[in-house]
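Subject: Structure for your files

Hello,

Here is the structure I said I would pass on. Please look through it when you have time; my notes come after it.

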Amino acid sequence: MKKIKIKLSGKNRRILLISGLIIIFAGLIYFILFFKNRNVVAVVNGYPITIKDILVEVETSPSVYKETLEVDPRSVVETYINQILLFQEAKRYERRLKRNVDDMMKNYYIKMLTKEYVDKILTERIKVTDEEIAEYYNTHLEEFLIPEKVRLFEIVLPTQEKAESVRRRLSLGESFELIAMNESISASREKAGDLGWIDVRKLEPEIAALVSRMTPGDILANIIKTEAGYHIIKLAGKTESRMLTLQEASPQIKEMLVSFKKKGEVDVLMSKLKEKGRIKIYLEKMERLKSQ
């Protein structure tokens, strides 16, 4: 069987070559746009907001932003969108505002670069050994004592008679939490009387002594009188006092020792820099700062 050969003219070869180049170029543009936009979470008037933009914003914002990002990322993105909208509007006044912004950015840049240097470069030199951690632990045991805690509920009544009446109703099986919500005069009524977990050492000594003899679920037989009213107390939970083990305490100790050593490194570095630096202070001009 004969092979059929197709002979292309010079013009057709050029057309085929150009078509192939166009297809390749279009494919490259598609992949460039795909990789460029795959991390874009929103576009505001042509301005792309990337995942990195959001993460940097969260990192430099109060911790509540990070907590919000974990449960409601959309609200964080929408907050950033609002910021970009205001930024785009502010750009209209850029020439008028630029000088003030430049002054602020100068100081901000100095502070942020310095912080990054101390946290990333200077801190790399700091080493904390297991022996140092163990030594600190053994000489500061009191810092690693977890105190006994109790979880208390309360019902606060305005009179002794009312408190004794409620105490009798509780002995007959009525719900402590329902009475707290409906009849207590304390703000804790909003949480059914729940006072949360309390360090026993922060309780009044006589109350702490009474609570220590109770078991979870018990209601204190004594009605406690304070300026707020007459309190009926229920013990909902109790944790025993214990000492953190060396293993448990190690991350906390290491962080503390790194922080302490970092301050020392900065102090030593500052002394060296001042010693070899050329610094001139104009004391007479400092007075002008007071009048600003």
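The notes below cover confidence, overall make-up, the nonpolar cores and the largest pocket.

Please keep in mind that this is a predicted model. Mean pLDDT for the protein is 84, with 86% of the residues at 70 or more. Confidence is not even along the chain: helix 1, residues 10–37, has the lowest mean, 55, while helix 6, residues 130–139, has the highest, 94. Over residues 30–35 the pLDDT stays under 50, and the model shows 0 contacts beyond four places in sequence for that stretch.

As to overall make-up, the protein has 11 helices and 8 strands. It has 292 residues, of which 22% count as buried. Taking the contacts with a separation of 6 or more, 68% are between residues 24 or more positions apart.

Next, the cores. The largest nonpolar core has 14 residues, and those that touch the most other members are Val 150, Leu 152, Leu 203, Val 211, Met 214, Leu 220 and Leu 235. Two or more residues each come from strand 4 (149–157), helix 9 (205–212) and strand 7 (229–239). Helix 9 gives the largest share of this core, 4 residues.

Leu 235 may be a convenient residue to display. Leaving aside residues up to four places away in sequence, Leu 235 touches Val 150, Arg 151 and Leu 152. Its other contacts on that count are Val 211, Met 214, Thr 215, Pro 216, Gly 217 and Asp 218. There is also a second, separate core, with 11 residues, among them Ile 155, Leu 157, Val 166 and Ile 179.

Last, the pocket. The largest pocket has a volume of about 790 Å³. It is lined by 19 residues, and Glu 57, Gln 83, Phe 87, Val 101 and Met 105 are the closest to its centre. Which helices supply at least two residues of the lining? They are helix 2 (51–59), helix 4 (73–90) and helix 5 (94–122). Helix 5 supplies the largest share, 7 residues. Sorted by class, the lining consists of 11 nonpolar, 2 polar and 6 charged residues.

That is what I have for now.

Regards

Note on methods. Residues numbered from 1 in each chain as written. Predicted model: local features only at pLDDT ≥ 70, side-chain atom pairs only at ≥ 80, totals over all residues. Heavy atoms only, no water. 1 Å grid on protein atoms, 1.4 Å probe; cavity = no way out; pocket = protein on both sides within 12 Å on 5 of 7 lines; lining within 4 Å. Points joined across faces, edges and corners; volume = space filled by probe spheres on them. Nonpolar A, V, L, I, M, F, W, Y, C, P; charged D, E, K, R; others polar. pLDDT = per-residue confidence, 0-100. Contact = heavy atoms within 4.5 Å. Core = buried A, V, L, I, M, F, W, Y, C linked by side-chain atoms within 4.5 Å. Buried < 20%, exposed > 50% of the residue type's maximum accessible area, 1.4 Å probe, protein only.
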